[in-house]
Amino acid sequence: MKPRGKFITLEGPEGSGKSTHARLLVAQLQAGGHSVITTREPGGTPVGETVRRLLQHDAGGEGMAAEAELFLFMASRAQLVRQVIAPALADGTCVVCDRFADSTTAYQGYARGCDVEKILALNDLATGGLTPDLTILLDVDVKAGFERLRHRNLRHGVEKDRIERETLCFHERVRAGYLELARRWPQRIRVVDAARDEDAVQADIWELAQHVI
Ligand code: Z5A
């Protein structure tokens, strides 16, 4: 039987570089001869991508109740775990995921105000108890992250989505929530200073990844 693949998640506030560093990590793992796939939340499956549009861009998502938002993220996760992540891990493939369960605890829990302990229990149900082997928390000052996104969005001609339009205070609570989670699970969640240049950040990520791969 093949050994189970490793599951690595990238987390952090807006513009912290999750997508950039997920891509770089996958390239490094592939260069090292590892079988690896990458996916993202919300999304990663037809069900999840439909939920993503509703959560972020669809006008029908405006005025959504906090609890409805919470369950939509959980629905996307439940599908992604069963359709993509768990089968890949069982097949010996590593999975790099851009956001996972900690995002819900940070955004819907610490920032939106839903009960954090209840969210942890719902995450357990949605994931079937699957926990990442390593979570990289890319920590960056909220204003600096938004400045990066502003430049990226200008380059690509895209507007802010529904959650990006939340207040600065909301995003400060997200960042503080993430750091609280890292204090609670210091073995799994490793904080990387993402204010530095891409090469320095990636070097730290690669070093951490090598400990679990
Ligand atoms: N959400 C939630 O509320 N609850 C949940 O359970 C889940 C998600 C799963 C998903 O948005 C939204 O859903 C998100 C949280 C919420 N909402 N918000 N707001 P998304 O998937 O569209 O976007 P994101 O996950 O928030 O990612 P992002 O903020 O768009 O960006 P990023 O992936 O962290 O960064 P990036 O695209 O890699 O980099 C941004 C720019 O910075 C880009 O131009 C890079 O070239 C540049 N960059 C990256 N690293 C560096 C460094 N080190 N130095 C300088 N510049 C850099």
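Visitor: Where is the place of Pro42?

Guide: In this predicted model, Pro42 sits in the loop between S2 and H2. Strand S2 covers 36-40 and helix H2 covers 46-56.

Visitor: What is the peptide bond from Glu41 to Pro42, cis or trans?

Guide: Most residues other than glycine have a negative phi, and most peptide bonds are trans. The bond that joins Glu41 to Pro42 is cis, and its omega is near -15°.

Visitor: Which phi does Arg99 have, positive or negative?

Guide: Arg99 is not a glycine, yet its phi is positive, at about 80°. Its location is the loop that runs between strand S3 (94-98) and H4.

Visitor: I should like to turn to helix packing. At what angle do H6 and H7 pack?

Guide: Two packed helices are described by the angle between their axes and the distance between the axes. For helix H6 (residues 142-156) and helix H7 (residues 168-184), the angle is about 110° and the axes are 10 Å apart. H6 and H7 are therefore roughly perpendicular to each other. The crossing in which H6 passes H7 is right-handed.

Visitor: Which residues in H6 and H7 meet?

Guide: From H6 come Val142, Lys143 and Phe146, and they meet Leu168, His171, Glu172 and Arg175 in H7. Sorted by class, this contact of H6 with H7 has 3 nonpolar, 1 polar and 3 charged residues.

Visitor: How should the pair H4 and H7 be read, and at what angle do they pack?

Guide: The angle and the axis distance serve again as the description of a packed pair. H4 and H7 pack at about 125°, and their axes are 8 Å apart. The two helices are therefore oblique to each other. Their crossing is right-handed. On the H4 side, the contact is made by Asp102, Ser103, Thr105, Ala106, Tyr107, Tyr110 and Ala111. On the H7 side, it is made by Phe170, His171, Arg173, Val174, Gly177, Tyr178, Glu180 and Leu181. By class, the residues of this contact of H4 with H7 divide into 8 nonpolar, 4 polar and 3 charged.

Visitor: At roughly what angle do the axes of H3 and H4 cross?

Guide: The axes of H3 and H4 cross at roughly 175° and come within 10 Å. H3 and H4 are therefore roughly antiparallel to each other. In H3, the residues Glu69, Leu70, Phe73, Met74 and Arg77 meet Ala101, Thr104 and Gln108 in H4. This contact of H3 with H4 has, by class, 4 nonpolar, 2 polar and 2 charged residues.

Visitor: Let us consider the pockets. How much space lies in the largest pocket?

Guide: A pocket can be read through its volume, its lining and the elements that supply that lining. The largest pocket holds about 1300 Å³ of space. It is lined by 47 residues, and those closest to its centre are Lys18, Ser19, Leu149, Arg152 and Glu164.

Visitor: Which element gives the largest share of the lining of the largest pocket?

Guide: H6 gives the largest share, with 7 residues. Elements that each supply at least two residues of this lining include helix H1 (18-31), helix H3 (66-90), helix H4 (101-111) and helix H8 (198-212). The lining of the largest pocket has, by class, 10 nonpolar, 16 polar and 21 charged residues.

Visitor: What volume does the second largest pocket have, and how many residues line it?

Guide: The volume of the second largest pocket is about 230 Å³. Its lining consists of 14 residues, and Ala101, Leu120, Asn123, Thr131 and Arg188 lie nearest its centre. H4 and helix H5 (116-127) each supply at least two residues of this lining, and H5 gives the most, with 4 residues. By class, the lining of the second largest pocket has 6 nonpolar, 5 polar and 3 charged residues.

Notes: Residues numbered from 1 in each chain as written. Predicted model: local features only at pLDDT ≥ 70, side-chain atom pairs only at ≥ 80, totals over all residues. Heavy atoms only, no water. Axes fitted to C-alpha atoms, helices over the stretch in contact; angles between N-to-C directions. Parallel < 35°, antiparallel > 145°, perpendicular 65-115°, else oblique. Left-handed = near helix turned anticlockwise from the far one by under 90°. Contact = heavy atoms within 4.5 Å. Nonpolar A, V, L, I, M, F, W, Y, C, P; charged D, E, K, R; others polar. 1 Å grid on protein atoms, 1.4 Å probe; cavity = no way out; pocket = protein on both sides within 12 Å on 5 of 7 lines; lining within 4 Å. Points joined across faces, edges and corners; volume = space filled by probe spheres on them.
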